[in-house]
Amino acid sequence: GLWFSAACFTSQSTAGLPEVATTPTTPTTPTAPEPELPEWKHRISDSALATWVGSPNFNYRTPRAAGAKPTHVTVHWMDGIATVAECRAALRRELGLSPDALLGVGIDRLDYTKGVEERLQAVDSLLTRFPEFRGRFTFAQLAAPSRTKIVRYRELNERIEQLTAEINAKWSTGDGYRPIALLRAHHEPPEVYRFFRAADLCYVSSLHDGMNLVAKEFVAARD
């Protein structure tokens with residue numbers, strides 16, 4: 001069967017919906033009842049319920065009610081994690097930033113659906129339009145390598161590195177300031193949460209994403 005994880009429908013809870021007018025047709029041989037929904041075997045989008053529609057008896061003209069199923073995030077990584085003040089101080093030292101530097105963070109796989117290029121261009125635009133942030137704002141992009149054997153992903157990686165180098169060269173200063181810190185590596189959840197706690201903002205700019213929990217995780221990591 002087919003699984004839909006966005007703009008999905010369920011054959012349940014149709015009470016109260018208007019009847020759909022249909023054109024009388026010649027009676028046909030009765031068909032077997034539609035199979036029961038199978039057990040959930042996949043994580044589904046937090047914006048819709050998944051419905052099995054693979055049955056040959058599935059009637060697309062029957063009114064169906066849309067539903068929502070919020071998805072939780074795991075926060076046990078917070079157990080024993082350093083305080084916000086400790087995370088802020090430690091990460092600013094590691095990134096070579098001043099104690100009062102403003103820090104933004106992005107957490108993504110290096111994937112063309114995540115809008116990473118557009119995000120870095122936004123940093124360039126910020127510094128162009130608002131000079132007061134030059135030398136003070138740094139954006140740390142945690143970019144886990146993804147599908148590196150596929151040509152399109154390798155090309156994306158090269159573009160991201162080139163764009164980062166261009167923006168850093170444009171806005172760097174004699175004291176070693178660089179507006180973008182590109183951290184191309186896989187980061188375990190405790191390290192990700194450390195960045196969440198240390199950052200002043202988190203930038204989520206996915207262009208085409210089925211489910212993105214980064215914003216929820218950022219909020220959960222705050223005190």
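Begin by selecting Q141 and L182: Q141 stands opposite L182, which belongs to strand β3. The model on the screen is a predicted one. Now widen the selection to residues 137–144, which make up strand β2, and residues 180–183, which make up strand β3. These two strands pair in the parallel sense, and four bridges join them. Next, follow the chain from β2 to β3; the path leads through helix α3, residues 151–171. This β-α-β crossover is right-handed.

**Salt bridges**

Side chains of opposite charge can pair when their charged atoms come close. The count for this structure is nine salt bridges. Select R92 and D200, whose side chains meet in one of them, with 3.1 Å from N to O. R92 is part of helix α1 (residues 84–94), whereas D200 sits in the loop between α4 and β4 (201–202), so the salt bridge ties together parts of the chain that are 108 residues apart in sequence. Colour the two residues by accessibility and a contrast appears: R92 is buried, with a relative accessible area of 2%, while D200 counts as partly exposed at 34% relative accessibility. Add R88 to the selection, for R88, R92 and D200 are linked in a network of salt bridges.

Which side chain meets that of R194 in helix α4, 100 residues away from helix α1? Select E94 in helix α1, the partner that links these distant parts of the chain. The side chains of R194 and E94 form a salt bridge of 3.0 Å, N to O. Here R194 counts as buried, at 17% relative accessibility, because the limit for a buried residue is under 20%. E94 counts as exposed, at 52%.

Keep R194 selected and add E191, since the side chains of R194 and E191 also meet in a salt bridge, at 3.0 Å from N to O. Both residues lie in helix α4, three residues apart, which is about one turn of the helix. E191 is partly exposed, with a relative accessible area of 25%.

**Aromatic rings**

A pair of aromatic rings is described by the distance of the centres and the angle of the planes. The structure holds four aromatic pairs. Select F130 and F133 to see one of them: the centres are 6.4 Å apart, the planes stand at 80°, and the arrangement is edge-to-face. Both residues are classed as partly exposed, F130 at 33% relative accessibility and F133 at 23%.

Return to helix α4 and select Y193 and F196. Are these residues buried or exposed? Y193 counts as buried at 3% relative accessibility, and F196 is buried with a relative accessible area of 0%. They are three residues apart in helix α4 (residues 189–198), a separation of about one helical turn. The ring centres of Y193 and F196 are 5.8 Å apart and the planes meet at 85°, so this pair is edge-to-face. Extend the selection to F218, which joins Y193 and F196 in one aromatic cluster.

**A charge over a ring**

For the last stop, select R119 and Y203. R119 lies over the face of the Y203 ring, at 5.7 Å from the ring centre.

Technical notes:
Residues numbered from 1 in each chain as written. Predicted model: local features only at pLDDT ≥ 70, side-chain atom pairs only at ≥ 80, totals over all residues. Heavy atoms only, no water. Phe/Tyr/Trp six-rings, centres within 6.5 Å; stacked < 30°, edge-to-face > 60°. Buried < 20%, exposed > 50% of the residue type's maximum accessible area, 1.4 Å probe, protein only. Lys NZ or Arg CZ within 6 Å of the ring centre and 35° of its normal. Pairing = 2+ DSSP bridges. Right-handed = clockwise from strand over helix to strand, strands pointing away. Salt bridge = Lys/Arg side-chain N within 4 Å of Asp/Glu carboxyl O.
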